[in-house]
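Reader: Hey, got a minute to walk me through this one? I'd like to start with the strands and then jump to a single residue.

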Amino acid sequence: MIPAIVLGLSPTGLYAVRELGRAGIPVLGVAAQDQAGAWSRHLTHSDRKIIAADPSRRLAQLLALADRHPERPVLIPCSDQDIAFVTEHADTLKTGFRFQQSYMNGAADTLLSKADFYALCREVDIIVPSQWQGTRDEIAALADEIAFPCLIKPSLIHEVKDFMAGRKVWTIADRAEFDRILARLPTGDMIWLVQEIIPGPESEITLFCAWFDAFSRPHQAFTARKLRQYPPGFGSASLVQSHPEEETQEQSTRLMKHLGYQGIAATEFKRDFRDGKLKVIESNPRPSLWFSVSTAAGKQVALAAYQDLAGLDISLADDPQQQGVRWHYGLKDAYSALFYRLNPNFILPAPDLSEIPAPTSRTWAVAGFNDPGPALGEMINFARKGWRRMIR
């Protein structure tokens, strides 16, 4: 059987490892460090995993692996850094591996660049938040035009990941705070985005994911509502529930068809209570952290990707998703819930769960009764990160 190579073993990569491994596919994990997914029993390839911090070493080990597999394994990157690795070495990797076309034709780069992505959305009349962009000095010159509150974020977050130190954005309440944050940003050609904050709680964020084939047709389409995030307000999902979101699905599908997109896609919108309209937040050309809720709800996006890329018919049943499946990212969600209790004057109101149906079942980002290793690995990683931060 053709192996699957999952690049990145964070909880996002763990999702792909588990979904593919449960289907009986030989799965090998590749990462820069020993993340939670490296502990999964679903790494069933004979080599199990490749852990190499140096990208050139990872590339050499992957090419050596490809030499042993003439049928060409399937590559599934699960982070922006892994996508950058694949796109940088696409001409070399394509001789030994199969991966989605968007990593070679520029479509993934369009989605990852916030400026290019919002321009694409405008082409198909998808509403985007008001924004301003430029280098640090150019943004400073626009200060009098910017409305507060707002947020600042990098156009390509993976290029300044170390500088951001786990942060995705800065929230800015007023001009004084804007000037203070701006002074901390690095100079140079890096493009920064200043964006209006769509008012209302995080529970107004809607999600969509699917595999898009060579004709940009969606398979295993799934929708959900994001209920809380970590860090609170503007982070990654920490609490998600499967939920019907027809408008989010329609707009996401229309966008991908316009782009001629082939690959895994995950989109995020937020409904603005001021006009009742959806406004797009982002789209990722890879699995997102919350994808394991789609598996629990009966959808298998990574498996559809594998089957298509391996040259097989997509044989999965595409039945309606199970609604009400609630996904938790354990300790991170507990922190966010406590944060809102202790910070009633936060720039966004606390998530409103009163109108969300009671969950029909629950699933977890890392913990799993039949795969307990990743939970232990995650705790070890938390301890390592805490120790490093204490030292710094």
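Author: Sure, here is a quick chat about a sheet and one alanine, and keep in mind that the model is predicted.

Reader: ok, in what order do the strands of the open sheet of 4 run?

Author: The order is β5-β8-β6-β7, and the pairing is antiparallel.

Reader: which strands stand at the edges, and why is one side of each left without a neighbour?

Author: Those are β5 (131-134) and β7 (170-172); each has a single partner strand, so one side has no neighbour in the sheet.

Reader: and what's the average turn between neighbouring strands?

Author: On average 20°, with direction ignored.

Reader: how many bridges between β5 and β8?

Author: There are 4 bridges, in the antiparallel sense, with β8 covering residues 192-196. As one example, Trp-132 has Val-194 in β8 as its bridge partner.

Reader: which helix packs on the sheet?

Author: Helix α9 (residues 175-184) does, touching β6 (150-154), β7 and β8. The direction of α9 makes about 150° with that of β7.

Reader: switching topic: where is Ala-90 found?

Author: Ala-90 sits in helix α4, which spans residues 90-93.

Reader: buried or exposed, that Ala-90?

Author: Buried: the relative accessible area of Ala-90 is 6%, and the cut-off for buried is under 20%.

Reader: what is it in contact with, leaving aside neighbours within four places in sequence?

Author: Ala-90 then contacts Phe-99, Tyr-103 and Met-104.

Reader: last one, how many Å apart are Ala-90 and Leu-342?

Author: They are 48 Å apart, C-alpha to C-alpha, and 252 residues apart in sequence.

Terms used. Residues numbered from 1 in each chain as written. Predicted model: local features only at pLDDT ≥ 70, side-chain atom pairs only at ≥ 80, totals over all residues. Heavy atoms only, no water. Pairing = 2+ DSSP bridges. Helix = DSSP H or I, 4+ residues; strand = E, 2+ residues; numbered from the N terminus. Axes fitted to C-alpha atoms, helices over the stretch in contact; angles between N-to-C directions. Contact = heavy atoms within 4.5 Å. Buried < 20%, exposed > 50% of the residue type's maximum accessible area, 1.4 Å probe, protein only.
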